[in-house]
Amino acid sequence: MEIKVLDKTFVPFISEERIQTRLKEIAQQIQKDMNDEVPVFIGVLNGSFMVISDLVKHYKGACEMSFVKMASYIGTQSTNQVNQLLGLDIDVTDRTVVIIEDIVDTGNTLVALKKLFDQHRPKEVKICTLCLKPEAYTKDIPLDYVAFEIENKFIVGYGMDYDKHGRNLPEIYQIKE
């Protein structure tokens, strides 16, 4: 069923059930990779709020979490410039950090995040994203956990927005061509 968000039409793309299944699998994989270590999950606001919430519900080990806020989009277009709006409020020195992203396309936000975290000397930084657009990804930072590889089309829902609207949708919709 098509939906309207502001002036754009979107079609169903990834169901809530598929999202939950993948997040549970990824939580189990992260837990296996941690070897009794207590990771620090860092959600990248605003888009990752649903991803990190559901991911940590499936994570059965001890963990800590915090958020940073970065911005790089205006409407449906990446500005290719990333601004940090809310900084790190937890000590990650010698800790394993798992950055939780809603979507990775160009990778510009990841470069800015990597620079930010390297200043805090973590033991290791792992990257987890709900969606990856491989065609758009131009950076060489490895992604450790990817729920879905998708084509380079604009999506909305499950935390991702179109001009601040649509974040509350429990599934993901793709823009109708």
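A residue counts as exposed when its relative accessible area is over 50%, and as buried when that value is under 20%. Lys 32 has a relative accessible area of 60%, so this residue is exposed. Lys 32 sits in helix α1, which covers residues 16-34. Gly 61 is 29 residues away from Lys 32 in sequence, and their C-alpha atoms are 9.6 Å apart in space. All of this is read from a predicted model.

## The chain as a whole

The chain holds 3 helices and 10 strands. Along the sequence they follow the pattern β-β-α-β-α-β-β-β-α-β-β-β-β.

The chain has 177 residues, and a compact globule with that number would have a radius of gyration near 16 Å. The chain has 16 Å, so the value agrees with the rule. The C-alpha trace spans about 45 × 35 × 25 Å along its principal axes.

How much of the chain counts as buried? The share is 49% of the 177 residues. The accessible surface comes to about 8,900 Å². Carbon and sulfur atoms own 47% of that surface. Take the contacts with a separation of 6 or more: 67% of them join residues 24 or more positions apart.

## An open sheet of four strands

An open sheet is formed by 4 strands. Their order is β1-β2-β10-β9, and the pairing is antiparallel. Strands β1 (3-5) and β9 are the edges, each pairing on one side only.

Inside this sheet, β2 and β10 (residues 172-175) pair over 4 bridges, in the antiparallel sense. Pro 12 stands opposite Tyr 173 of β10.

## Strand β3, covered on both sides

Next comes a strand with another partner. Strand β3 spans residues 40-45, and 6 of its 6 residues are buried. In a regular strand, side chains alternate between the two faces of the sheet. On one side of β3 are Val 40, Ile 42 and Val 44. On the other are Phe 41, Gly 43 and Leu 45. Both faces are covered, with every one of these residues buried.

The partner here is strand β6 (residues 96-104), which pairs with β3 in the parallel sense over 4 bridges. Ile 42 has Ile 99 of β6 as its bridge partner.

Just after the strand comes a cis peptide bond. This bond joins Leu 45 and Asn 46, with omega about 5°. Asn 46 belongs to the loop between β3 and α2 (49-58).

## Aromatic rings

A pair of aromatic rings is described by the distance of the centres and the angle of the planes. The count comes to 4 aromatic pairs. In one of them, the rings of Phe 10 and Phe 154 have centres 6.3 Å apart and planes at 50°. Planes under 30 degrees apart would count as stacked and over 60 as edge-to-face, so this pair is tilted.

Which parts of the chain does the pair tie together? Phe 10 lies in strand β2 (residues 8-14), while Phe 154 lies in the loop between β8 (145-149) and β9 (155-156). The pair therefore ties together parts that are 144 residues apart in sequence.

Phe 10 has a relative accessible area of 0%, so it is buried. Phe 154, at 12%, counts as buried too. Phe 154 also pairs with Tyr 162. That pair is edge-to-face, at 6.1 Å centre to centre and 75° between the planes. Tyr 162 is buried, as is Phe 154. Ring pairs thus link Phe 10, Phe 154 and Tyr 162 into a cluster.

## Two positive phi angles

Two residues other than glycine have a positive phi. The table sets them side by side.

| Residue | Phi | Loop | Relative accessible area |
|---|---|---|---|
| Arg 121 | about 50° | between α3 (108-118) and β7 (124-132) | 55% |
| Tyr 158 | near 50° | between β9 and β10 | 2% |

Is each residue buried or exposed? Arg 121 has 55% relative accessibility, over the 50% cut-off, so this residue counts as exposed. Tyr 158 has 2%, under the 20% cut-off, so this residue is buried.

Methods. Residues numbered from 1 in each chain as written. Predicted model: local features only at pLDDT ≥ 70, side-chain atom pairs only at ≥ 80, totals over all residues. Heavy atoms only, no water. Phe/Tyr/Trp six-rings, centres within 6.5 Å; stacked < 30°, edge-to-face > 60°. Buried < 20%, exposed > 50% of the residue type's maximum accessible area, 1.4 Å probe, protein only. Pairing = 2+ DSSP bridges. Rg over C-alpha atoms; globule rule 2.2 N^0.38 Å. Contact = heavy atoms within 4.5 Å. Areas by Shrake-Rupley, 256 points an atom, 1.4 Å probe, with all protein chains shown as cover.
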